[in-house]
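Please look through the structure shown here with attention to how its helices are placed against one another. The paragraphs below take up one helix, then two helix pairs.

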Amino acid sequence: MTRKTYVAGVGMVKFSKPGQQESYTVMAPEAIRIALKDAEVDYKDVEQAYAGYCYGATTCGQRALYEVGMTGIPVYNLRNACATGSSALALARQAVASGMAEVALAFGFEEMRPGALLNDDFRTSPVDHFIKRDNELGYPVEDAMAAPGFFGAAGAEYIRKYDADARIFAEVAVKTRTHAGNNPMALFVKPITVEEVLESPVIWGDYLTRLMACPPTCGAAAAIVVSEKYKKEKGLTRAIEIAGQGIGSDRSDTYDSAIDVVGRKITQRASRSAYEQAGIGPEDVDVVELHDCFTPNEVLNYEALGLCPEGGATKFIADKDNTYGGKFVVNPSGGLMSKGHPLGATGLAQCTELVTQLRGEAGQRQVPGAKVALQHNIGMGSAGFVTIYKS
């Protein structure tokens, strides 16, 4: 039997544009110290640490953590595309749930370069089969601009299949930027209009524009995961339960469509598992942090997570069921689109936002009465996580 687990503390630094960041050896320790203070946990009580980052040498996790202190604990370095931060959180949770530790640390960081994500490794690309399949399906995707190609193709397929209009992707960008205006940790807070989004430079096909894509970002975030026993012994009253967590990768049916290539079926399976573990359904969720690396991905995952029926995203958006006053508040932080997307830190920044929401400490962006939160984080190649939190 696994034990209940709780996020006792969270921390993050404000993300920055490439070239304006501090070193990961500064950002990550700062996020960790904030999380420890927030949790009211002594660093010496941390028994294991999981470090997530996509760009860096083999033991950058140790190098970052040693700035906080050298206590001799095991440190695991993880690299799992855009879901790297959630991978660290999942392993920290597993360590505590299994009884291997009473307190575990998950942290993630990234120093990125300007521009599109590039595969400059000499080895075979881990997404070469996805590129091939999208091209077989009639969507031009190139290795040099694979990410816009993948999500552009998925959005184009959605438009065709459901007779949708690309304008919905612009409307999601506007909604998210509006949310970011209430988040002091968001990087991009200037309001934008649907017309500005649609008229910004096209980066794929005939519709996907720059303002439908999240920017490369640098930053760090952390979470402290504790057992119920530790929580009670230390009197930690602000800890938030991880009530369910679904995790997965691709199956052979991934190749059925461009939408599935970007993880729809992973999300469907992971969300079903997380809902079942938590004993809830999607209708019980109050607030969502959803992986909006491109706004088409947010639209696709409204449906994959069960927030609206298949093919129902246009109505869902028109009814404003993705924002304050509607059925759900999606990405109150501003999401990846406006808060920023430093790959290794993203999953833990999502966790930080949702823990803050369930504590009722989110200030102007607080979702009224939030008791149940859902986190969705996915990486191409592929890895998918859906986590349910309860206050």
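In this predicted model, helix H6 covers residues 167-180, and because each residue should add 1.5 Å, its 14 residues are expected to span 20 Å, which agrees with the 20 Å that separate its end C-alpha atoms. Of those 14 residues 11 are buried, so H6 is largely enclosed by the rest of the structure. The buried residues include Ile168, Phe169, Val172 and Val174, and also Lys175, Arg177 and His179. Around them lie several partners, for the buried residues of H6 pack against helices H5 (146-162), H7 (194-199), H11 (295-304), H12 (313-318) and H13 (335-339), as well as against strand S10 (329-330).

One of these partners, H11, can be followed further. Two packed helices are described by the angle between their axes and the distance between the axes. The axes of H6 and H11 come within 8 Å and cross at roughly 100°, and the two helices are therefore roughly perpendicular to each other. On the H6 side the contact is made by Ile168, Phe169, Val172, Ala173, Lys175 and Thr176, which meet Thr295, Pro296, Glu298, Val299 and Tyr302 of H11. By class, this contact of H6 with H11 comprises 7 nonpolar, 2 polar and 2 charged residues.

A second pair is formed by H3 (residues 84-97) and H14 (residues 343-358), whose axes come within 5 Å and cross at roughly 60°; H3 and H14 are therefore oblique to each other. Here Thr84, Gly85, Ser86 and Leu89 of H3 meet Leu343, Gly344, Gly347, Leu348, Gln350 and Cys351 of H14, and the contact of H3 with H14 has 4 nonpolar and 6 polar residues, with no charged ones.

Technical notes:
Residues are numbered from 1 along each chain as its sequence is written. This is a predicted model: local features need pLDDT of at least 70, side-chain atom pairs count only at pLDDT 80 or more; totals for chains, interfaces and linings use all residues. Side-chain values use heavy atoms; hydrogens and water are left out. Helices (H or I, at least four residues) and strands (E, at least two) are DSSP runs, numbered from the N terminus. The expected span of a helix is 1.5 Å times one less than its number of residues. Buried means under 20% relative accessible area, exposed over 50%, partly exposed in between (1.4 Å probe, protein chains only). Contact means heavy atoms within 4.5 Å. Axes are lines fitted to C-alpha atoms, for helices over the stretch in contact, and angles run from 0 to 180 degrees between N-to-C directions. Angles under 35 degrees count as roughly parallel, over 145 as roughly antiparallel, 65 to 115 as roughly perpendicular and the rest as oblique. Ala, Val, Leu, Ile, Met, Phe, Trp, Tyr, Cys and Pro count as nonpolar, Asp, Glu, Lys and Arg as charged, and the others, Gly among them, as polar.
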